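Got the viewer open? Load the model, switch on the cartoon, and keep the selection box handy.

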Amino acid sequence: MSIDKTALIIEGGGSRGVFSFGVIDTFIKNQFDPFNLYIGVSNGAVVLNWFLIKEKDCNLEKMLFSANKKYVNYLNFFKGKSIIDFEGIYRDGRKKFNPDPYKIKKNLQSNELYLAVTEAISGKADYLKFNTEKWFDQMIASGTLPLIVRKPSILNQIRYFDGGIADPIPVKKAYDLGAKKIVVIRTYEKKFTRTNKLENYLSAIFIAKYPKLSKALINHSKTYNECLDFIKNPPDDCEIVQICPPNRLKVKRDTIDHNLLKEGYQIGIDSAVKFMDNNFNLFPSK
């Protein structure tokens, strides 16, 4: 007999993920973790890994560490380099903060953690199950955006790109995996809907050798808004609760202003406290 699952999904968003860090740090502080299924996308995969390590003392510091011109430079595009050096951020951050994947494994116990990626050839979403030996490369793959990140992410001879392309908010995947209660940490306000940006079309041209991926990029706004439709109209046996900033964050994907990041982090804390006050009985402890 299958057991209904309770899922935590964390959306990506680059530096906007500082909001998500504020949320998960509040969860950790209050020992709030009723979940047995976790799915992270792009930067949300990174936040989710730190949530499962259960260290809250320097999570804001991690975002401030990565908010550095050393890692974000749009002129790099003309040099054939990555605009955002995700590998450099993760490599240097790994040395500084020493994340332990075996803590994730220990805290997961028998629960499931997936990192969403997009396959280059098929243009479809895949969900990499957490692996202590490959977790670092899995995180990089989940955040490898065309145009923004030049170095290919290849795992098991398959090239992957950012999971947000094919499944930006994997609520349907969580439901298909048996989740009947789903908490989604988003980095946009609740009323936000996606429209395609110029970047989508430029990326589609840039990656034209993968025609199905190129099509997925062009269809990204449709894909994103279909996720929102599922959230607003879930199946009768499923309940979905969103934790969103009350208004558009001042933090953008590539923000490196530390004051703005600190502000976004505090908004995450405030939003988490409000969520727990309103929903604590709905999500009993494991």
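Start with V183, which faces V241 across the pairing with β8. This is a predicted model, so before zooming in further, colour by pLDDT. The mean for the protein chain is 92, with 98% of residues at 70 or more. Among the elements, helix α4 (residues 86-97) comes out lowest with a mean of 85, and helix α7 (residues 171-176) highest with 98.

**Stop 1: β7 and β8**

Now show both strands. Strand β7 (residues 179-185) runs parallel to β8, and five bridges join the two. Is β8 open to the outside or enclosed? Four of the five residues of β8 (residues 239-243) are buried, so the rest of the structure largely encloses this strand.

Keep I240 selected and add I3. Their C-alpha atoms are 17 Å apart, with these positions 237 residues apart along the chain. I3 sits in the segment before β1 (5-10), and with 68% relative accessibility it counts as exposed.

**Stop 2: the cores**

Switch to side chains. The largest nonpolar core has 57 residues, and those with the most contacts inside it are L8, F27, Y38, F51, L113 and F275. Which helix should you highlight here? Helix α2 (residues 43-53) supplies the largest share of this core, eight residues. There is also a second, separate core of 23 residues, with I9, L37, Y188 and I240 among its members. I240 is one you already have on screen.

Go back to the 57-residue core and pick L113. Leaving aside neighbours within four places in sequence, L113 is in contact with Y38, L48, N49, L52, I104, L108, L128, K129 and F130. Keep I104, L108 and K129 labelled for the next stops.

**Stop 3: helix α5 and its two ends**

Select residues 101-108, which make up helix α5; its buried residues are P101, I104 and L108. Look down the helix axis: these buried residues fall within an arc of 50°, so they line one face of α5. What covers them? The cover includes β2 (37-41), α2, β3 (112-119) and α6.

Next, check the ends of the helix. At the N-terminal end, D100 is the cap: one of its side-chain oxygens lies 2.9 Å from the backbone nitrogen of Y102. On the other side, Q109 follows α5 and has a positive phi, near 55°.

Step back to N98, in the loop between α4 and α5. N98 isn't a glycine, yet its phi is positive, about 50°. Is N98 buried or exposed? With a relative accessible area of 60%, N98 is exposed.

**Stop 4: the β3-β4 hairpin**

Show β3 together with strand β4 (residues 125-129): the two pair in the antiparallel sense over five bridges. To find your bearings, select T118, which stands opposite A125 in β4. The hairpin has five residues between its strands, and there G123 takes a positive phi near 70°.

**Stop 5: Q138 in α6**

Follow the chain on to helix α6 (residues 135-142), where you'll find Q138. Despite the polar side chain, don't look for Q138 on the outside: at 5% relative accessibility it counts as buried. Which backbone atom does its side chain approach? A polar atom of the Q138 side chain lies 3.0 Å from the backbone oxygen of K129. Beyond residues up to four places away in sequence, Q138 touches L115, L128, K129, F130, N131 and L155. L128, K129 and F130 are also on the contact list of L113.

Just past this helix, select L147, in the loop between α6 and β5 (153-155). L147 is another non-glycine with a positive phi, about 80° here. With 11% relative accessibility, L147 counts as buried, whereas N98 is exposed.

**Stop 6: N200 in α8**

Last pick: N200, in helix α8 (residues 198-206). Its relative accessible area is 8%, so N200 is buried. What does the side chain reach? The N200 side chain comes to 2.9 Å from the backbone nitrogen of K197. Show L217 and H220 as well: N200 touches both, not counting residues up to four places away in sequence.

Terms used
Residues numbered from 1 in each chain as written. Heavy atoms only, no water. pLDDT = per-residue confidence, 0-100. Buried < 20%, exposed > 50% of the residue type's maximum accessible area, 1.4 Å probe, protein only. Pairing = 2+ DSSP bridges. Polar contact = N/O pair within 3.5 Å; in protein donor to acceptor, adjacent residues only side chain to side chain. Contact = heavy atoms within 4.5 Å. Core = buried A, V, L, I, M, F, W, Y, C linked by side-chain atoms within 4.5 Å. Arc of directions from axis to C-beta.
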